[in-house]
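Trainee: I should like to learn how to read the features of a structure that is new to me. May we begin with one strand and then turn to charged pairs?

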Amino acid sequence: MQIIPTNSPGKAELPLDLTGPHITAGASSAHRLYQALCEMIVSGLVKSGEPLPPSRRLAKQTGFRRNAVVTAYERLIADGFAQATVGSGTFVAARIPARAVAANKPMVIVEAPRQGALALGCTHIDARAVQRFRAFAGRRMRAFGGEHLHYGDPRGSRELRVAIADHLLSARGLRCDPDQIMLTSGTLHTLRIVLSAILKPGDQVWCEDPGYPIARRTMAQCGYRIVPVPVDVDGLQVARGRAAAPSARAAYVTPSHQFPLGVQMSMPRRVELLDWAKQAGAFVFEDDYDSEFRYDGAPLMSLAGIDQLQRVIYMGTFAKTLFPGLRIGYCALPENLIADVTAARAALDRFPGTLMEGAVADMLNSGAFAANLKRVRKLYREARDVLAQTLEATSDGTLSVPVPSQGLHLVARFDPSVAPAIAAEAKLAAGAEGWLLADTYARARPLPGFVLGFSGHAVPDLVSAAERLAREARAALRSKAKSARRA
Ligand SMILES: Cc1ncc(COP(=O)(O)O)c(C=O)c1O
């Protein structure tokens, strides 16, 4: 902190901090001086009624021009921090504005998302794809056209919606009209928009248990009642959902690759779920978050494909296939929902940002998107294999690690008899990233283990993080066994 003495008439020296966090870097000298004076007044370093130095003197002492000091003083007076008395000078106001006095409010700390090895949600975009994306984005910026200058279609640019409809047909066998596609800022945004169009607060929504806790939180925040429905090897247990909440209005599922367990919803279960939705007049939200990363065998047809977009809302995202910072996701809607969902979108945030839509459409239409997927799929497969092998080998049988045939994460499990607290202890001791499997459960009895990301991390980092975690898993189990013997 740089303290500039001001030799004010009231005090020998006034600490005027011109570099602290209250100062806007790059702002004009008058503004910075104003901010420093405010800070000084608000923090009580000069008291109400005390005189401020004459402008000429303050200018000399701070090195600022006198005009800047006069402007800063004028603003202090206008904002109620100071008052001027003709012939006597400028004084700190008798009463400081209330908002300023509340400056001692608690600091809000926003934890940055984790990105180290084993963290979920990281992606790798191949250097060639970055180069293509830069070129497309640059070309679109140079052409900067009228589409950015006015409000647009709440569903987003038709050009990108056409490209997505083509992608869905070729990659997922899902046939839909570009009019059925809406661009969003990602899956959670899609959920908010579409649910707000078709549900009322208090309505029930089936969610997989275990499941994606972030989507659960979003829906709970919107006021919907979450009905946790257990998952088995065939996916969401529809009969359990029917028993718990037969007239729920919606179900949120990850049928291609259940999050986090990784099971694929079987065809009979898919049909059962769609039958329920038809009977109940409910809608099914299909979160197809990682189908582009299929390593072995062909995926089953999407729920939306089986249902031909009657009762299913299909949700996709470029967060994994390109990169999360794009904040572009999309959904394919049943035709009879287009009008209501479009109106809900217009009421929420009008329409999606237009700047990146063209470049993403170029990636899809040029084949750069598919080429990138092909290359990163290979890298992810290697990372998946190395991670699974390292965990199995180092844990010496403590952890079982089924190798997923799809996606960007895997689950490493202890024997079900182990208390989930052992997993928490090991994760903490290893300083490992990723999630505890128990944290993905809502009501069902949690299994002990970890949900670990292998995408977007260098293989040597994955190996050392996995070795640490597996060693700590063994140690936590051993010490538990020792204390059990002692007891
Ligand atoms: C189950 C699941 N769905 C969707 C997403 C993508 O969400 P978004 O599009 O909001 O980034 C993720 C990201 O990790 C996920 O794990």
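Trainee: Are the residues on the two faces of strand E12 buried or exposed?

Mentor: Buried means under 20% relative accessible area, exposed over 50%, and partly exposed in between (1.4 Å probe, protein chains only). Helices (H or I, at least four residues) and strands (E, at least two) are DSSP runs, numbered from the N terminus. In strand E12 (residues 329-332), Gly329 and Cys331 on one side are buried, as are Tyr330 and Ala332 on the other. This is a predicted model, in which local features need pLDDT of at least 70 and side-chain atom pairs count only at pLDDT 80 or more, while totals for chains, interfaces and linings use all residues. Residues are numbered from 1 along each chain as its sequence is written, and side-chain values use heavy atoms, leaving out hydrogens and water.

Trainee: Which strands are joined to E12 by four bridges?

Mentor: Two strands pair if DSSP finds at least two bridges between them. Strand E5 (residues 181-184) runs antiparallel to E12, with four bridges, and leucine 183 stands opposite tyrosine 330. Strand E11 (residues 312-317) is also antiparallel to E12, again with four bridges; here threonine 317 faces glycine 329.

Trainee: How many salt bridges does the structure hold?

Mentor: A salt bridge is a side-chain nitrogen of Lys or Arg within 4 Å of a carboxyl oxygen of Asp or Glu. The structure holds 19. In one of them, aspartate 349 meets arginine 345, with the closest N and O atoms 2.5 Å apart. Aspartate 349 is partly exposed at 32% relative accessibility, whereas arginine 345 is buried at 1%.
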